[in-house]
Amino acid sequence: MSFFLALLVVAAPVAAREAPLPPAQAFAMTYVRQGDAVQVRWVMPKGYYLYREHITASDAQGRTVKIRTPNGTMKADPTFGPVEVYYGTARADIRHKGAITLSYRGCQADGLCYIPVRVVIPAR
Amino acid sequence: MITRRHMLALGAAATAFPLTATAQPGFPTLQEVTVDPDVPVLGNPNGDLTIVEYFDYQCSVCKHAHFDLLNIVKADGHIRWMMRDWIIFGEVSTYAAQVALGAQKLGVYETVSSALMRIPGGNLNKGDIFGAMMQTGLSPADALKAYRADQARIDALLARNAVQAEGFGFSGTPSFIIGNAVYRGALSPNDMKQAIADARQRQKATPV
């Protein structure tokens with residue numbers, strides 16, 4: 001196989017934007033569970049955001065579990081209109097007895113829209 | 001030892017350094033990625049440089065990047081741009097891909113994919129797609145009919161795209177292969193032009 005036929009990861013001489021972080025670093029998620037109450041918190045580096053409408057939860061049977069999230073920031077996009085997002089930190093409150101599957105997604109501004117992340121929060 | 005992550009991090013901060021590259025075990029081959037007659041091609045099908053994009057119609061960053069790259073490709077005139085749908089945002093993205101790939105069968109892929117890329121927002125519904133299609137002169141029903149007539153081939157393509165994207169370990173969209181180099185995430189127009197020039201330089205230095 002010639003050199004050119006190998007696909008390469010390139011340390012490119014371009015630098016306007018940082019390379020996208022791995023999802024766990026882009027959207028560092030922690031949670032605290034006390035009985036039925038679950039508090040979820042995310043911390044994001046500068047330049048990363050989570051979509052409010054894409055933070056969702058479901059139970060073990062796949063049924064929607066109610067989730068409370070605070071108002072986010074309206075991200076005004078001249079081309080694509082307003083969208084509600086969280087910069088820096090985000091939180092969600094859930095009250096549910098059993099295991100919860102939490103799903104969320106976000107982007108690196110002008111860089112990458114991440115595959116949705118799904119995390120199972122076990123029952124107490 | 002320089003890991004893939006290091007290499008990518010270096011990529012973000014290596015303006016003054018010479019190009020550095022390394023092959024990665026487990027990646028799809030360049031031939032698998034760039035030789036595939038089922039993939040829609042924009043730009044010049046006989047161009048001297050191939051760009052492969054993995055994207056999702058519900059990815060807001062993809063939409064921004066699409067029209068920037070379209071301008072670059074048109075101005076260059078010698079770029080072969082392969083559009084690989086990688087469905088990461090669910091059912092509506094699948095529907096959009098089916099409509100677009102059905103339109104490909106009917107010879108109007110660029111018109112339809114551009115219309116889908118112009119839909120506002122990153123959270124689409126089928127009504128949005130219907131509305132966008134109405135501006136193209138092709139109905140979603142006609143595009144879907146063309147998709148269903150060739151469903152096995154198109155579904156296999158979508159599955160192939162996903163396997164490749166996962167093989168590269170991409171975390172999301174858009175992600176690119178430019179020449180023989182892997183780029184995760186969108187590039188600014190200037191960075192994209194530089195990446196294209198770098199790819200041509202590598203091809204010139206080491207022709208196939």
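In this predicted model, the buried residues of helix α9 of chain B are covered by several elements of chain B, including strands β3 (49-55), β4 (79-85), β6 (175-178) and β7 (181-184) and helix α3 (60-76). The buried residues themselves are Met192(B), Ala195(B), Ile196(B), Ala199(B) and Arg202(B). They lie on the same side of α9(B), because they cover an arc of only 125 degrees around the axis. A general feature of helices helps here: an α-helix has 3.6 residues a turn, so residues three or four places apart point the same way. Turning to the other side of α9(B), one finds Asn190(B), Ala197(B), Gln201(B), Lys204(B) and Ala205(B) exposed.

The length of this helix can be checked too. Helix α9 of chain B has 17 residues (189-205), so at 1.5 Å a residue a span of 24 Å is expected; the end C-alpha atoms are 24 Å apart, in agreement.

One residue of β6(B) links this picture to the nonpolar core. Ile178(B) touches Ala195(B), Ile196(B) and Ala199(B), as well as Ile51(B) and Tyr183(B), leaving aside residues up to four places away in sequence. Along with Leu50(A), Val112(B) and Leu116(B), Ile178(B) touches the most other members of the largest nonpolar core, which has 84 residues. Helix α4 of chain B (residues 91-105) gives the largest share of this core, six residues.

A word on confidence completes the description. Chain A averages a pLDDT of 87, and 82% of the residues score at least 70. Over residues 11-16 of chain A, however, the pLDDT is below 50; this stretch has 27 contacts in the model beyond near neighbours in sequence.

Notes:
Residues numbered from 1 in each chain as written. Chains lettered and ligands numbered in written order. Predicted model: local features only at pLDDT ≥ 70, side-chain atom pairs only at ≥ 80, totals over all residues. Helix = DSSP H or I, 4+ residues; strand = E, 2+ residues; numbered from the N terminus. Expected span 1.5 Å × (residues − 1). Buried ≥ 20, exposed ≤ 12 C-beta atoms within 10 Å, placed from the backbone. Arc of directions from axis to C-beta. Contact = placed C-beta atoms within 7 Å. pLDDT = per-residue confidence, 0-100. Core = buried A, V, L, I, M, F, W, Y, C linked by C-beta atoms within 7 Å.
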